Amino acid sequence: MKKFVYNILILSLVFVTLLGHIQSKDIPFSASTAPVVSAFDADSITVYAPDGRELVVYNSELQTYKNNGWYENKSDVTKTMYAPDGREILVYLAEVPAYTSVGWYENKADVIKTMYAPDGREISVYLAEVPAYISVGWYENKADVTKTLYAPDGREILVYLADVAAYISLGWYESKNDVTQTLYAPDGRQIVVYNSEVETYIALGWRYTPIRSLDSSKPMVALTFDDGPRPQSTGRILNTLEAYNSCATFFVVGYLAASYPDILRRMDSMGCQIGNHTYNHPDLSKLSAYGITSQISRTDAIVESAVGSVPTAIRPPYGSRNSIVINTCDKPLILWSIDTLDWKSRNAASVINKALASVSDGDIILMHDLYDSTAAAVETIVPELISRGFQLVTVDEMSYYKNRPMSAHNAYSSFK
């Protein structure tokens with residue numbers, strides 16, 4: 001009897017199993033209609049849907065389920081999502097759009113930002129932390145904490161902001177304009193060179209300022225002014241020169257030039273030449289070589305700061321010079337052939353008379369732009385010289401057009 005009951009149970013189990021297989025051929029794949037299979041059945045496997053459903057099926061059914069959007073591995077239907085504040089969560093694929101819509105991201109890189117410090121440190125932080133780092137001096141872009149510096153010999157280097165001061169102390173500059181100079185050739189060419197190359201180009205005939213196109217067959221006179229600048233009188237002289245499209249040479253003293261850089265820039269923009277008349281007008285013949293060099297270099301630096309180039313000529317105060325002055329000054333010394341003595345007379349009529357009485361081609365006329373009487377005299381001198389056919393030029397222009405090159409350690413009083 002027991003054996004009979006046992007056989008009946010076995011037959012019932014087989015019938016139920018066969019019936020399950022028959023039903024699974026015609027019913028859609030879903031958790032509610034899937035056959036009941038034991039997870040411990042050696043012939044079964046768990047499959048996963050993107051919406052989170054899980055189902056235990058027979059191995060023989062696996063491919064059919066996969067063809068209908070189920071997956072063999074749970075990792076294939078889940079995704080790690082990332083929040084800007086550092087949170088992470090594992091969600092089913094069907095939930096990804098919903099999480100994305102409320103500010104979560106599929107890639108961790110999308111919620112991470114590299115921040116940069118001026119001293120070169122870098123750190124990766126979550127987006128939510130960015131404002132806090134910015135508030136204590138960090139930056140989002142590496143370009144914001146670095147700076148390109150320039151050396152006078154053409155080298156360039158990218159350094160962190162914290163290192164800038166150290167490099168500047170070693171002679172590097174923040175602006176490329178500070179280590180370059182535009183030079184001009186007599187034939188109109190121009191070139192930008194590094195400061196370390198300037199002396200070489202000057203020796204080859206290049207100049208700091210362009211040479212105007214003048215008629216070398218017509219007479220020329222160089223008006224020169226010492227001891228300025230002084231806003232009222234120098235400005236008045238510049239107005240007159242500008243009105244007649246003419247230029248002059250201004251030998252400035254450093255302590256005044258430092259106070260009026262705008263006047264120097266106006267001179268330069270008009271094509272006038274700026275010369276060096278020492279820093280505070282001492283008699284150079286009574287100074288040592290060191291004292292002479294100091295007077296010249298201080299004024300050179302002031303002029304360069306204002307207009308971007310150093311003077312190419314020196315006028316020693318009082319015209320005073322000896323062998324030490326001549327050997328120490330590394331620029332041509334410019335004297336004069338006509339002295340108006342304007343400093344003595346302070347009288348416009350007297351200045352006009354002395355300037356015009358015997359003027360001829362190649363003369364260098366000495367005046368001082370400190371005096372209103374001189375400024376008044378210039379308003380007559382300039383148009384009168386032009387009416388006589390003279391071209392009013394700078395000392396450098398006269399040297400070029402008269403084909404009388406100047407050189408350092410030599411003095412020039414005219415170009416006749």
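# Close-up views of a predicted model

**View 1. Helix α9 has buried residues at four positions: I263, L264, M267 and M270.** The helix covers residues 261-270. This model is predicted. Seen down the axis of α9, the buried residues fall within an arc of 130 degrees, so they line one face of the helix. D262 and S269 lie on the other side of α9, and both are exposed. After α9 comes G271. The phi of G271 is positive, near 95 degrees.

**View 2. The buried residues of α9 pack against helices and strands.** Among these partners are the helices α7 (231-243), α8 (254-257) and α10 (289-307). The strands β12 (249-252) and β13 (273-276) also pack against the buried residues of α9.

**View 3. Strand β12 carries buried residues that point in two directions.** T249 and F251 point one way. F250 and V252 point the other way. All of these residues are buried. In a regular strand, side chains alternate between the two faces of the sheet.

**View 4. Strand β12 pairs with β11 and with β13.** Strand β11 spans residues 220-226. It runs parallel to β12, and 3 bridges join the two. D226 stands opposite F251 in β12. Strands β12 and β13 also run parallel, joined by 4 bridges. Here F250 has I274 of β13 as its bridge partner. Which hand does the unit made by β11, α7 and β12 have? This β-α-β unit is right-handed.

**View 5. A cis peptide bond links G228 to P229.** Its omega is near 5 degrees. P229 sits in the loop between β11 and α7. Both of these elements belong to the β-α-β unit of View 4.

**View 6. C247 takes part in no disulfide.** How many disulfides does the structure hold? The number is 0. For C247, the nearest cysteine sulfur belongs to C272, 4.6 Å away. A disulfide needs the two sulfur atoms within 2.5 Å, so this pair does not qualify. C247 is buried, with a relative accessible area of 2%. C329 is buried as well, at 1% relative accessibility.

**View 7. K147 and E174 form a salt bridge.** The N to O distance is 3.8 Å. K147 lies in strand β7 (residues 146-150). E174 lies in the loop between α5 (164-169) and β9 (180-184). The pair therefore ties together parts that are 27 residues apart in sequence. Are these residues buried or partly exposed? K147 is partly exposed, at 27% relative accessibility. E174 is also partly exposed, at 40%.

**View 8. Two other salt bridges are those of E72 with K66 and D153 with R155.** The closest N and O atoms of E72 and K66 are 3.6 Å apart. E72 is partly exposed at 33% relative accessibility, and K66 is partly exposed at 35%. Between D153 and R155, the N to O distance is 3.0 Å. D153 is partly exposed at 42%, and R155 is partly exposed at 47%. The count for the model comes to 23 salt bridges.

**View 9. E397 is a buried residue of helix α15.** The helix spans residues 395-401. What is the relative accessible area of E397? The value is 2%, and because buried means under 20%, E397 counts as buried. Leaving aside neighbours within four places in sequence, E397 is in contact with I211, R212 and L214.

**View 10. Y318 and L341 have positive phi values.** Neither residue is a glycine. Phi is near 65 degrees at Y318 and near 50 degrees at L341. Where does Y318 lie? Y318 is in the loop between α10 and α11 (323-328). L341 is in the loop between β15 (338-339) and α12 (342-345). Y318 is exposed, at 57% relative accessibility. L341 is partly exposed, with a relative accessible area of 27%.

Methods: Residues are numbered from 1 along each chain as its sequence is written. This is a predicted model: local features need pLDDT of at least 70, side-chain atom pairs count only at pLDDT 80 or more; totals for chains, interfaces and linings use all residues. Side-chain values use heavy atoms; hydrogens and water are left out. A salt bridge is a side-chain nitrogen of Lys or Arg within 4 Å of a carboxyl oxygen of Asp or Glu. Buried means under 20% relative accessible area, exposed over 50%, partly exposed in between (1.4 Å probe, protein chains only). The arc is that of the directions from the helix axis to the C-beta atoms. Contact means heavy atoms within 4.5 Å. Two strands pair if DSSP finds at least two bridges between them. A crossover is right-handed if, with the strands pointing away from the viewer, the path from the first strand over the helix to the second runs clockwise.
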